[in-house]
Amino acid sequence: MSPRLERGASLFLGVQVTALTPQIAGQLGLDVTTGVLVLAVVAGGPADHAGIRPGDVIRTFNGKPVTSTEDFFADLRGLQPEQKVTFGLRG
């Protein structure tokens with residue numbers, strides 16, 4: 001997945017995520033326990049255009065393992081507008 005980020009007051013990817021815990025993974029029947037779980041995707045946003053959907057698990061961000069929501073958003077803040085990013089997903 002390679003969405004382009006948008007910039008308004010802040011970078012906009014268009015996803016709502018939460019930490020993927022072993023408990024959540026078990027409840028959802030997922031075979032992975034690391035990454036961030038996509039809860040919602042803004043219609044028409046960069047993530048939507050890239051095909052990211054609720055229920056996907058973002059495992060890597062620009063080749064780096066995603067271990068927490070805090071790290072995920074910290075990595076996003078370090079990017080430039082219109083910069084392409086890549087995600088490793090488990091959907």
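Is Phe 87 buried or exposed? Select Phe 87 in this predicted model and look at its surroundings. Its relative accessibility is 7%, and it therefore counts as buried, the cut-off being under 20%.

**The whole chain**

Zoom out and show the protein chain as a cartoon. There are 3 helices and 7 strands. Followed along the sequence, they come in the order β-β-β-α-β-α-β-β-α-β. Colour the residues by accessibility next: of the 91 residues in the protein chain, 35% are buried. Switch to a surface view, where the protein chain exposes about 5000 Å², with 51% of that supplied by carbon and sulfur atoms. Then turn to the contacts. Among those between residues at least 6 apart in sequence, 58% join residues at least 24 apart.

**Aromatic pairs**

Show the aromatic side chains as sticks. A pair of aromatic rings is described by the distance of the centres and the angle of the planes. With ring centres within 6.5 Å as the criterion, the count comes to 4 aromatic pairs.

Select Phe 61 together with Phe 87. Their ring centres are 5.3 Å apart and their planes meet at 55 degrees, so this pair is tilted. The two residues belong to distant parts of the chain: Phe 61 sits in strand S5 (residues 57–61) and Phe 87 in strand S7 (residues 87–90), 26 residues apart. Phe 61 has a relative accessibility of 3% and so counts as buried.

Move on to Phe 72 and Phe 73. These form an edge-to-face aromatic pair, with 5.2 Å from centre to centre and 70 degrees between the planes. Their accessibilities are worth checking one by one. Phe 72, at 1% relative accessibility, counts as buried, whereas Phe 73 is partly exposed, with a relative accessible area of 32%.

Now select the four residues together: Phe 61, Phe 72, Phe 73 and Phe 87 form one aromatic cluster.

**Helix H3**

Keep Phe 72 selected and add the rest of helix H3, residues 69–77. Which residues of H3 are buried? They are Thr 69, Phe 72 and Leu 76. Turn the view to look down the axis of H3: the buried residues fall within an arc of 60 degrees, so they line one face of the helix.

Finally, rotate to the face of H3 turned away from its buried side. Select Glu 70 and Arg 77, the exposed residues carried there.

Notes
Residues are numbered from 1 along each chain as its sequence is written. This is a predicted model: local features need pLDDT of at least 70, side-chain atom pairs count only at pLDDT 80 or more; totals for chains, interfaces and linings use all residues. Side-chain values use heavy atoms; hydrogens and water are left out. Buried means under 20% relative accessible area, exposed over 50%, partly exposed in between (1.4 Å probe, protein chains only). Helices (H or I, at least four residues) and strands (E, at least two) are DSSP runs, numbered from the N terminus. The arc is that of the directions from the helix axis to the C-beta atoms. Contact means heavy atoms within 4.5 Å. Accessible areas come from the Shrake-Rupley method with a 1.4 Å probe; for residues, only the protein chains shown count as cover. Rings of Phe, Tyr and Trp (its six-membered ring) pair if their centres lie within 6.5 Å; planes under 30 degrees apart count as stacked, over 60 as edge-to-face and the rest as tilted.
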